[in-house]
Amino acid sequence: MLDSMYSPQVRRQAVSLLDSGISYIEVSRRMGINRSTLRDWTRDRSLIDKYLDTDLCPRCKPVPQPPTKAYAYSYLLGLYLGDGCLTPAGDPAKGVWRLRIACSNTWPGLIDACMEAMAAIRPDHVVSRVPSTGCKDVHSNWKHWPCLFPQHGPGKKHDRLIVLEPWQQAVVEKHTEEFVRGLVHSDGCRTNNRIRKRNGQGHYEYPRYHFTNVSTDIIGLFTKALDRLEISWKAHVRKGNGKQSAAHVVSVSQRKDVALMDSFIGPKY
């Protein structure tokens, strides 16, 4: 039986921690909740699941809806398509999924931005960062992440079709800048291109953006978003070397377009 002295947010967070594999003793220590109460919440799974997840998943409502914080979702979708994945969390029988975004250690600001976006979508769930080689894995566990990221599937993204659902397309069209920002923060960069002058006397530099991805579908989503923002772009294919697959590279180099992207993308750091 659910104890009315605890708020819904506390119950959700406690069950989320337990579903992620943390022990009753540790959750009890962290949150100050009696272990017998925690067991009651997890023992009556049908009531907990209905209360905890179904009414909180916008796609599982009688009339499916997009996430409430659509701007944060658009950014998170860009990050997911670039450097994200969904994997089972803990016991597969529980049906809990882990959304994981790999964020380079070179850009600590990107790590914070990713955590903020993930927390905006699931404010009652824990968002964690775990050290990995050269990066931090930002992740959060939830049964309904596949509802929000239907592009999930077996294998690598460039080996399967990546198409946005109509509701995702509507979100991206409304929050195009956030979507582009997420893609650039995952698989893009801002660089200075150095060119030798025609007279051979020195060099000149100009800034430009690069976005690189192996998936032609994801490249298409990026360039269509740039078209909506009326940003000029050029594309070419970078050949693979045996260990790496050929990649598609999109560059934005015209001064007005770079300035526009600077206005909403901002530095990763």
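**Helix packing and the four-stranded sheet**

In the predicted model, helix 5 packs against helix 8 (residues 166-174) at an angle of about 105°, and the two axes lie 9 Å apart. Helix 5 is therefore roughly perpendicular to helix 8. On the helix 5 side, the contact is formed by A70, Y73, S74 and L77, which meet W167, Q168, V171 and V172 of helix 8. By class, these residues comprise six nonpolar and two polar, with no charged residues in the contact.

Helix 5 (residues 70-83) also lies across strand 1 and strand 2, and runs at about 80° to strand 2. These strands belong to an open sheet of four strands, arranged in the order 1-2-4-3 with antiparallel pairing. The edges are occupied by strand 1 (84-88) and strand 3 (128-132); each has a single partner strand, so one side of each is left without a neighbour in the sheet. From one strand to the next, the twist averages 30°. In general, strands of a sheet pair through backbone hydrogen bonds, in either a parallel or an antiparallel manner. Strand 1 and strand 2 (residues 97-104) run antiparallel and are joined by five bridges. Within this pairing, C85 has R100 of strand 2 as its bridge partner.

Helix 6 (residues 108-121) likewise packs on the sheet, where it touches strand 2, strand 3 and strand 4 (135-142), and its direction makes about 155° with that of strand 2. Helix 6 contains 14 residues and spans 21 Å from its first C-alpha to its last, close to the 20 Å expected at 1.5 Å a residue. Its buried residues are L110, I111, A113, C114, M115, A117, M118 and I121. An α-helix has 3.6 residues a turn, so residues three or four places apart point the same way. The cover over the buried residues of helix 6 includes helix 5, strand 2, strand 3 and strand 4, together with helix 7 (145-148) and helix 9 (176-187).

Contacts between helix 6 and the sheet can also be described from a residue of strand 3. R129 is located in strand 3 and, at 38% relative accessibility, counts as partly exposed. When neighbours within four places in sequence are left aside, R129 is in contact with I111, D112, M115, D137 and V138. Of these, I111 and M115 are among the buried residues of helix 6. R129 and I101 are separated by 28 residues in sequence and by 9.4 Å in space, C-alpha to C-alpha.

Helix 9, which is part of the cover over helix 6, takes part in a further helix contact. The axes of helix 9 and helix 11 (residues 255-265) come within 10 Å and cross at roughly 90°. Helix 9 is therefore roughly perpendicular to helix 11. The residues that meet are E177, V180, R181, V184 and H185 in helix 9 and M261, F264 and I265 in helix 11. This contact of helix 9 with helix 11 is made up of five nonpolar, one polar and two charged residues.

A backbone feature was found in a loop. E230 lies between helix 10 (216-228) and strand 7 (234-238). Most residues other than glycine have a negative phi. E230, although not a glycine, has a positive phi of about 60°. With a relative accessibility of 66%, E230 counts as exposed.

Technical notes:
Residues numbered from 1 in each chain as written. Predicted model: local features only at pLDDT ≥ 70, side-chain atom pairs only at ≥ 80, totals over all residues. Heavy atoms only, no water. Pairing = 2+ DSSP bridges. Helix = DSSP H or I, 4+ residues; strand = E, 2+ residues; numbered from the N terminus. Axes fitted to C-alpha atoms, helices over the stretch in contact; angles between N-to-C directions. Contact = heavy atoms within 4.5 Å. Expected span 1.5 Å × (residues − 1). Buried < 20%, exposed > 50% of the residue type's maximum accessible area, 1.4 Å probe, protein only. Parallel < 35°, antiparallel > 145°, perpendicular 65-115°, else oblique. Nonpolar A, V, L, I, M, F, W, Y, C, P; charged D, E, K, R; others polar.
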